[in-house]
Structures are given as C-alpha cells and as structure tokens.
Amino acid sequence: LPQNTEIPTPKPTITPSIIPEIKQESTSKVKALNIGETAIGTNFKITVNGVRSADRIDYIDNIYGPPAVATEGKQYFIIDLTLENISPESQYASVDTEVIDEEGYSYSQEFYGFVALEDKALKSGEIPQSMKRRGEIPYLIPKDAKNLKFLYKLDLLGKEMAIFNIS
C-alpha cells in the first residue's frame, strides 16, 4: 500500500429493533366488602368480625399503663379482625392498616389504644401455614367522620389490598 493511503473503515449498519408495545390493563375492580365478609389474597384471608366504638379503652388490671381516653370530639373505632394464612408456608403478617373517611382523611393505629388493648391487640408477626390470628386494632377518629373504610395491605409491597366498609 502506498503511504498516506486510508483504508476505509466499514460503518456499522443499524437495524431498527422492534419493541412490542406493552399495555397494562387493570382487570381488577376495587370493591369494598362489609363487616363479616372475607377478602382473599395470595397468602391471606382477612375477615372483619366487627367494629365497636368507645370513648375509652380500659381493661381490668391493665399492666401496661393507664386507660386510653379519647380526646374531645373523637372516639375510638376498634376493629376486630381475623387473618388466616392460606399459603403453603409460614407467612409474615404486617398490621399495616389505615382507616379513611369520606373526605379522604386517613387515620393510623392509635398507640395508647393499642397498648390498652393488651393481649387483644393484633400484632405483626409470623403466622404458620393454615393457622389464624385474631385481634383488634384501635383508631382515634373524629366523631363526625362518615363513610369510614378500613384498608388492610395483604402483602408487604402493598400490591394486594382489602377494603371494608366499617360505618
């Protein structure tokens, strides 16, 4: 080859790739269940057995402290529920819950009410295969709140959720 002669470098050819369009359509419809009905998820069944309201939570001989007393204009909504592990292995059940009213305000579990419930309080933890756990969860909610809904995340990622009408 003579000096100063360039050898052409082949240019890569670009072939356009075809990327299929992915559509995600939600086929699930959110339906709020009623007290006594059961929601079924991948690993758990959840049933709201009942709901009661109270101005104070005071169990006899409460070793954990004084009774929980609702502040002015509020009341405790105490939800009694049962979780059942329907998976083939032990599952961790979180008590990641909330109550939402018709205006969209959200209420979390109330600590002092939880402590006052003592052994009746539903606690997070492992539930062995085919076993159930029952307990109560207290919320401090304004007395004038209406159309309350109880939301329970059936999995740790929050992809499955049960919704119950509680008022």
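This report describes the fold, the sheet, the nonpolar cores and the salt bridges of one protein chain, as they appear in a predicted model.

## The chain as a whole

The chain has 167 residues, and buried residues make up 35% of them. Its secondary structure consists of one helix and 12 strands, and, read from the N terminus, the elements follow the order β-β-β-β-β-β-β-β-α-β-β-β-β.

Among the contacts in the chain with a separation of 6 or more, 69% are between residues 24 or more positions apart. The accessible surface comes to about 11,500 Å², and carbon and sulfur atoms account for 52% of that surface.

## A sheet of four strands

Strands of a sheet pair through backbone hydrogen bonds, either parallel or antiparallel. In this model, four strands form an open sheet with the order 1-2-5-10, and their pairing is antiparallel. Strand 1 (38–40) and strand 10 (132–142) stand at the edges, and because each has a single partner strand, one side of each is left without a neighbour in the sheet. From one strand to the next, the twist averages 25 degrees.

The pairings can be followed across the sheet, beginning with strand 1, which is joined to the antiparallel strand 2 (residues 44–54) by three bridges; here Thr 38 stands opposite Thr 47 in strand 2. Strand 2 is in turn joined to strand 5 by 10 bridges, again with the two strands running antiparallel, and strand 5 pairs with strand 10 over 11 bridges in the antiparallel sense. A path of individual residues can be traced through these pairings, since Arg 52 has Ile 78 in strand 5 as its bridge partner, while Ile 78 has Pro 138 as its bridge partner in strand 10. Strand 5 is mostly covered, with 10 of its 12 residues buried.

## The nonpolar cores

In soluble globular proteins, nonpolar side chains tend to be buried together. The largest nonpolar core of this model holds 26 residues, of which Ile 46, Val 99, Phe 150 and Phe 164 touch the most other members. At least two residues of this core come from each of strand 2, strand 5 (74–85), strand 10, strand 11 (149–153) and strand 12 (161–165), and strand 5 gives the most, with four residues.

Which residues does Phe 164 touch, not counting those up to four places away in sequence? Its contacts are Leu 33, Asn 34, Glu 37, Ala 39, Ile 46, Val 48, Leu 148, Lys 149 and Phe 150. Apart from the largest core lies another core, of 10 residues, and among its members are Ala 68, Ala 70, Ala 116 and Ala 121.

## Salt bridges

Side chains of opposite charge can pair when their charged atoms come close. How many salt bridges does a search of the whole structure find? The search finds five, and one of them is formed by the side chains of Arg 52 and Glu 136, with a distance of 3.1 Å from N to O. This pair links distant parts of the chain, because Arg 52 belongs to strand 2 and Glu 136 to strand 10, 84 residues apart. Is each partner buried or partly exposed? Arg 52 counts as partly exposed because its relative accessibility is 35%, whereas Glu 136 is buried, because its relative accessible area is 9% and the cut-off for burial is under 20%.

A salt bridge also links Asp 96 with Lys 153, and the closest N and O atoms of this pair are 3.4 Å apart. The two residues come from distant parts of the chain, 57 residues apart, with Asp 96 in the loop between strand 6 (91–93) and strand 7 (97–100) and Lys 153 in strand 11. Asp 96 counts as partly exposed at 35% relative accessibility, and Lys 153 counts as partly exposed at 28%.

Arg 56 and Asp 58 form a further salt bridge, in which the closest N and O atoms are 3.4 Å apart. Arg 56 is partly exposed, with a relative accessible area of 45%, and Asp 58 counts as partly exposed at 44% relative accessibility.

Key. Residues numbered from 1 in each chain as written. Predicted model: local features only at pLDDT ≥ 70, side-chain atom pairs only at ≥ 80, totals over all residues. Heavy atoms only, no water. Axes fitted to C-alpha atoms, helices over the stretch in contact; angles between N-to-C directions. Core = buried A, V, L, I, M, F, W, Y, C linked by side-chain atoms within 4.5 Å. Buried < 20%, exposed > 50% of the residue type's maximum accessible area, 1.4 Å probe, protein only. Contact = heavy atoms within 4.5 Å. Salt bridge = Lys/Arg side-chain N within 4 Å of Asp/Glu carboxyl O. Areas by Shrake-Rupley, 256 points an atom, 1.4 Å probe, with all protein chains shown as cover.
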